[in-house]
Amino acid sequence: MGGATGAAPFEGMSDVLLEDAQGRPTPRRRVRAFDTFVLFLSVLALWQTIGSWTRGVAVSPPWQTLVYLFGLLRTWMFWDHAAATLAAFLLAFLLSALIGLALGLLFGVRRFAGDVAEPLLAGFYTIPKVTLYPVVLLIFGLGMSAKIAFGVMHGLVPITLFTLGAVRNLSPVLIRTAKVLHLSPGRTVLWILVPACLGDILNGLRIGFSLSLLGVLIGEMFSSQRGLGFLLVNGMAQHNVPLSTAIVTVIVVVAIAANTAMLCLGRWTGPRGA
Amino acid sequence: MKRQHAVVFVRIAVLAVSIIFLEVCCRAGIVDPLTVIPPSEMLASMIDRVGSGEMNTSIMSTFSTIVFAFVLAIGFGILAGALIHRSPRLRDVVDPLLASYYSVPTFIFYPLLVALLGLGKAPLVVLGVLSAAPAVMISTLSGLDGISPVLIKLARVHRLSAARTFSWIVLPAALPRLFTGLKLALSYALIGVIAGEFILSGTGLGYDISFAYQSFDNRAMYGTMLFVLSIAVIANGFLYAWEGRLARRRSRG
């Protein structure tokens with residue numbers, strides 16, 4: 001999941017590789033922006049190719065989708081479904097974050113409990129939780145609470161595991177400092193544990209964020225009458241290709257934007273912790 | 001060592017107590033049998049359904065799809081990872097993409113894939129590859145990054161051929177991190193395929209579960225569910241144990 005971490009060895013090296021006509025090195029950032037732009041264009045071209053190759057049976061081409069999307073954004077119906085998804089997702093993420101941080105801290109501080117729980121949590125993380133969705137539906141009934149519960153099932157474990165790992169790998173000096181200064185448990189958590197583990201906690205929150213979104217969307221796609229996931233499946237069933245393509249576009253853009261924002265936040269807070 | 005035994009013991013005890021607790025609650029009528037059936041019933045139903053052979057077609061269909069997607073994801077992921085590793089410029093573009101890839105719920109592409117490829121195995125395989133290949137790619141990149149330059153120099157000093165450099169130096173050095181990717185790829189392929197079958201499909205174990213749910217057949221649903229989850233846990237546990245063995249062999253030298 002840490003794809004960007006490996007870039008470091010190349011950065012110094014490739015700075016001198018690229019020079020413009022006067023022999024001055026081209027700013028690295030500009031080359032990268034150009035490459036990213038080319039990549040963006042090729043994604044659009046691929047999208048257009050698939051769209052026109054299938055004659056819009058499966059995927060509508062980019063421009064048509066964009067036009068449709070702008071029309072869709074002006075309808076009340078879309079915002080109603082979007083609000084349902086957003087509400088379920090925000091609640092699911094908030095619950096996952098709160099419970100996950102508390103459990104992670106607990107299991108990190110209590111070594112024995114942590115050792116007992118970690119493989120169980122990791123095992124739960126890797127099983128196909130979709131198969132458990134009918135159970136969630138049977139327990140919570142059709143509707144909002146089932147979606148939220150399913151989102152929490154997806155988002156809770158990574159947040160717990162990342163927090164647990166961060167607290168466990170904390171330098172013992174920090175703990176001893178807290179003891180020497182006679183900090184109360186509350187202050188130890190607030191002044192020592194949280195600042196020292198912030199990077200890992202943010203990483204866990206970022207993964208928990210995307211997974212609880214996934215959980216909520218799967219819940220809506222399987223059995224629901226509201227939300228973007230329902231709209232997507234419904235658009236497909238009614239052969240309304242621009243609708244389903246537009247919904248997919250919205251979800252992809254929002255997910256990437258949120259993830260990028262959280263990555264930037266992590267980078268911004270990172271140097272203080274190191 | 002003694003503490004380790006205690007940890008394993010407590011873990012098993014926690015699991016056993018929760019299963020027994022659920023069993024007692026179900027038998028005592030605290031939990032409605034229309035919601036959850038007793039764990040012993042789930043096990044019995046699983047044994048019935050596997051023993052009678054009524055699930056054989058689903059099992060074959062699901063697992064062949066998963067294996068196919070897994071193998072394709074490994075091949076494609078390693079190839080792409082190795083190619084990207086050779087070009088720093090490409091790497092600069094791809095790294096941010098990989099970093100945010102898993103934030104997009106890949107699953108939302110499934111309805112589009114079904115419309116594109118029809119309601120067969122093809123969209124399931126593509127979905128499995130889409131969710132598993134980037135994990136292999138990321139771990140290939142990090143495995144190749146982790147090779148110490150000294151090792152490559154050593155290969156040059158010994159004038160090893162490219163093939164030997166690969167099989168004697170690169171592969172053993174990159175394997176531990178690559179293995180992490182393979183583990184993730186297996187669980188992602190499994191999740192992708194079964195989720196796809198669950199939402200929209202006409203065959204496979206995922207479809208069996210959603211069909212049983214929709215026809216209020218709780219016994220069949222829990223039996224199939226237990227089967228799928230057991231297979232997932234066993235497959236992941238197997239890879240986990242294998243990884244541990246590899247790590248021990250490395251540390252022995």
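This is a short tour of chain B and its contact with chain A in a predicted model.

**Chain B as a whole.** Select chain B and colour by secondary structure. You will find 10 helices and 0 strands. Read from the start of the sequence, the order is α-α-α-α-α-α-α-α-α-α. The C-alpha atoms fill a box of roughly 75 × 55 × 35 Å along the principal axes. Of the 253 residues in chain B, 41% are buried. Now turn on contacts between residues at least 6 apart in sequence: 74% of these in chain B join residues at least 24 apart.

**The core.** Next, select B:Ala73, B:Ala132, B:Val136, B:Ala185 and B:Ala189. These have the most contacts inside the largest nonpolar core, a set of 126 residues. In soluble globular proteins, nonpolar side chains tend to be buried together.

**Zoom on B:Ala189.** Which residues does B:Ala189 touch, leaving aside its neighbours within four places in sequence? Select B:Ile66, B:Ala69, B:Phe70 and B:Ala73 for one part of the list. Then add B:Gly128, B:Ser131 and B:Ala132 to complete these contacts of B:Ala189.

**The side facing chain A.** Show both chains. Here 48 residues of chain B are in contact with 51 residues of chain A. Step through the elements of chain B that give two or more residues to this side: α1 (2-27), α4 (88-101), α5 (110-117), α6 (121-145), α8 (162-199), α9 (204-214) and α10 (218-252). Pause on α4(B), which gives the most, with 10 residues. Finally, colour this side of chain B by residue class: 35 are nonpolar, 7 polar and 6 charged.

Definitions and conventions: Residues are numbered from 1 along each chain as its sequence is written. Chains are lettered from A and ligands numbered from 1 in the order in which they are written. This is a predicted model: local features need pLDDT of at least 70, side-chain atom pairs count only at pLDDT 80 or more; totals for chains, interfaces and linings use all residues. Two residues are in contact if their C-beta atoms, placed from the backbone, lie within 7 Å. Helices (H or I, at least four residues) and strands (E, at least two) are DSSP runs, numbered from the N terminus. Ala, Val, Leu, Ile, Met, Phe, Trp, Tyr, Cys and Pro count as nonpolar, Asp, Glu, Lys and Arg as charged, and the others, Gly among them, as polar. A nonpolar core is a set of buried Ala, Val, Leu, Ile, Met, Phe, Trp, Tyr and Cys residues joined through C-beta atoms within 7 Å. A residue is buried if 20 or more other C-beta atoms lie within 10 Å of its own, exposed if 12 or fewer, and partly exposed in between; C-beta atoms are placed from the backbone.
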